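Reader: I'm more at home with gels than with models, so keep it relaxed. Could you pick one strand, take a close look at its pairing, and then walk me outward from there?

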Amino acid sequence: MSDRWYEKAVIYCLDIDTFADANGDGVGDIRGLIGRLDYLARLGITCLWLNPIHPSPDRDDGYDVQDFYNVDPRFGTLGDFAELLHEAGNRGIKVIIDLVVNHTSDQHPWFQSARSDPKSPYREWYVWSETQPADRHQGMVFPGEQDATWTYDRTAKAWYYHRFYKFQPDLNITNPEVREEIKRICSFWLQLGVSGFRMDAVPFIIEATEPGNPNSPKDMEFLTELRQHVQWRKGDAVLLAEANVEPDQLKVFFADGGNSANRIHMLFDFMLNGRLMLALARENTEGIVDALRDTPKLPEGAQWATFLRNHDEVDLSRLTAEQRNEVFAKFGPDENMQLYGRGIRRRLAPMLDGDRRRIELAYALQFSLRGTPVLRYGEEIGMGDDLSQDGRNAIRTPMQWSSKSNGGFSTAPAAQLVRPVVSTDEYGYEKVNVTAQRHDPNSLLSWFERMIRTLREAPEVGSGSCTHVDVPVPSGVLVHRADDRTGTMLFVHNLAGEDAVLDLSTVREEADFPNDVLADQEYPDLGTFEKVAVAGYGYRWIRLCRNP
């Protein structure tokens, strides 16, 4: 792959503790993951994104880090992790890890030292206030679970800042020593062999917090510093950021105003994700057309990361209240399915009532849009969720490998599992599992393998342009194209249940031996493009022309 390998990657996101358990203790581990790399290679993914791997009290699924220079002993050792990087590399799979440096666990030695003595060398590594800040009850990330962003520490005799839970004190980004330590953490893992980092909570990392100021300034220059440091250490390393901010703020996360990206390489496209969910709920493409039209032109080397589901809830906060309620009504009607008043804590298959046509349509659409697609583990087999689990854990259940006990995830007694395997209703492991779908050439897993292979033969999608084709079509049909020096792909997706026939003759002159490379069914030849059929919830990926 080139230095910009991320533009043509397919990223697969997983938690080590729920993927595969090799030693039978009920917790997934690195050895278990190594044993499943061939599965991932066959699926066609080229980059593995691992959720937090570091030692942690595990009060927030590993996002409360206690040691940035090691691997959680439940998962294995640093030696195991080095072996994972080697074995993944042998299969052409790069590995990126979560970089969670907005905060630490309150059990981290840095914080324990900081709170115990005002003269501690780590005291200024965190954000303190001698008096109760006026904005103490503002800016909570988890409303209903959090009631403050400042907490009084009796040992320190001061208030400390925590954008997230009170057991996750924020690091002080204005302290040069903290900035250097974050760079050292990156250097350590790059030296070990990771290909980059998914940066958690980036808008909060760069927050230069001022007690009493709910709109503290942001230090964007730190992102420039970090990018330069990471690039010097490993030329093709990538920074993939979680930055769910207003659209007009997005470009400054990529670059400081120049024509080339010199800050973050990739941003998750939260705005598009919300529009996709609204479009699927309404069976109307207007929101996607708007998103494609409104997407700012990115600086050279910058890239979007698209997703339908990730490790968190479906975040609808960028939609209006009315739009959000539409999506709730369609995909999360019960209060137990919703989270924080802004999101849905379900996997996609149950959101779409297990309708295979709509699941294929949704992922065919996501993977054909501009940017790099990200796939959450288990989505490729249509896994369900467990709403009896707290919060986000509803979609963090063990991978379902077979119909064996515990879904083939672990040989431990069921009571010892890190989380229960989904075992009831139509999404239980006895019905939904990798082995059963491996034996079925028409399974969802087989379709995902075929779709990803097709995508990798269409480099225009990752690095080319993506534009809406403005022709008269029903409101449920989206026609768009991807153009690059390698050629042109034309995409037709029908989000509605009614069949449609389209007149696409305006693109006929550009076609050179046009043909369907992926479709929901066999369709007649395209002919003059005057009568292009697409079934209800159907899709067609059409190779319009290929350049030499």
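Author: Let's start with N515, whose bridge partner in β21 is R543. This is a predicted model, where local features need pLDDT of at least 70 and side-chain atom pairs count only at pLDDT 80 or more, while totals for chains, interfaces and linings use all residues. Residues are numbered from 1 along each chain as its sequence is written, and side-chain values use heavy atoms, leaving out hydrogens and water.

That N515 link belongs to the pairing of strand β19 (residues 515-519) with β21, which is antiparallel and has 4 bridges. Two strands count as paired if DSSP finds at least two bridges between them. The names come from DSSP runs numbered from the N terminus: helices are H or I runs of at least four residues, strands E runs of at least two. β21 also has a partnership with strand β17 (residues 487-494), again antiparallel, and here 7 bridges do the joining. In that pairing T488 stands opposite C545 of β21. How well is β21 itself (residues 539-546) covered? Of its 8 residues, 7 are buried, so the strand is largely enclosed by the rest of the structure. Buried means under 20% relative accessible area, exposed over 50% and partly exposed in between, with a 1.4 Å probe and protein chains only.

Antiparallel pairing turns up again in an open sheet of 3 strands, ordered β4-β6-β5. Its edge strands, each pairing on one side only, are β4 (128-129) and β5 (150-153). β5 meets strand β6 (residues 158-161) over 4 bridges in the antiparallel sense, and Y152 stands opposite W159 of β6.

For parallel pairing, look at the closed barrel: 8 strands running β1-β2-β3-β7-β8-β9-β10-β14. On average, neighbouring strands there are turned by 25 degrees against each other, direction ignored. Strand β1 (residues 11-14) runs parallel to strand β2 (residues 47-50), and 4 bridges join them. Within that pairing, I11 has C47 of β2 as its bridge partner, and C13 has W49. On the other hand, β2 also pairs with strand β3 (residues 94-99), in the parallel sense and over 4 bridges; L48 has V95 of β3 as its bridge partner. β2 is covered on both faces, with C47 and W49 buried on one side and L48 and L50 buried on the other.

Just before the barrel's β1 comes a segment that holds A9. A9 is buried, with a relative accessible area of 2%. Leaving aside residues up to four places away in sequence, A9 touches T46, T372 and P373; touching, or contact, means heavy atoms within 4.5 Å.

I30, in helix α1 (residues 30-34), is another buried residue, at 0% relative accessible area. With sequence neighbours up to four places away not counted, I30 touches I16, V71, F75, T77, D80, F81 and L84. I30 and E83 are 53 residues apart in sequence, yet 8.9 Å apart in space, C-alpha to C-alpha.

Now for helix packing. Two packed helices are described by the angle between their axes and the distance between the axes. Axes are lines fitted to C-alpha atoms, for helices over the stretch in contact, and angles run from 0 to 180 degrees between N-to-C directions. Helix α9 (residues 270-282) packs on helix α10 (residues 286-294) at about 160 degrees, with axes 8 Å apart. α9 and α10 are therefore roughly antiparallel. Angles under 35 degrees count as roughly parallel, over 145 as roughly antiparallel, 65 to 115 as roughly perpendicular and the rest as oblique. From α9, the contact uses L272, R275, L276 and A279, and from α10, G287, I288, D290, A291 and D294.

α9 has a second neighbour in helix α11 (residues 321-331): their axes come within 9 Å and cross at roughly 60 degrees. That angle makes α9 and α11 oblique to each other. M277, L278, L280, A281 and R282 of α9 make this contact with Q323, E326, V327, K330 and F331 of α11.
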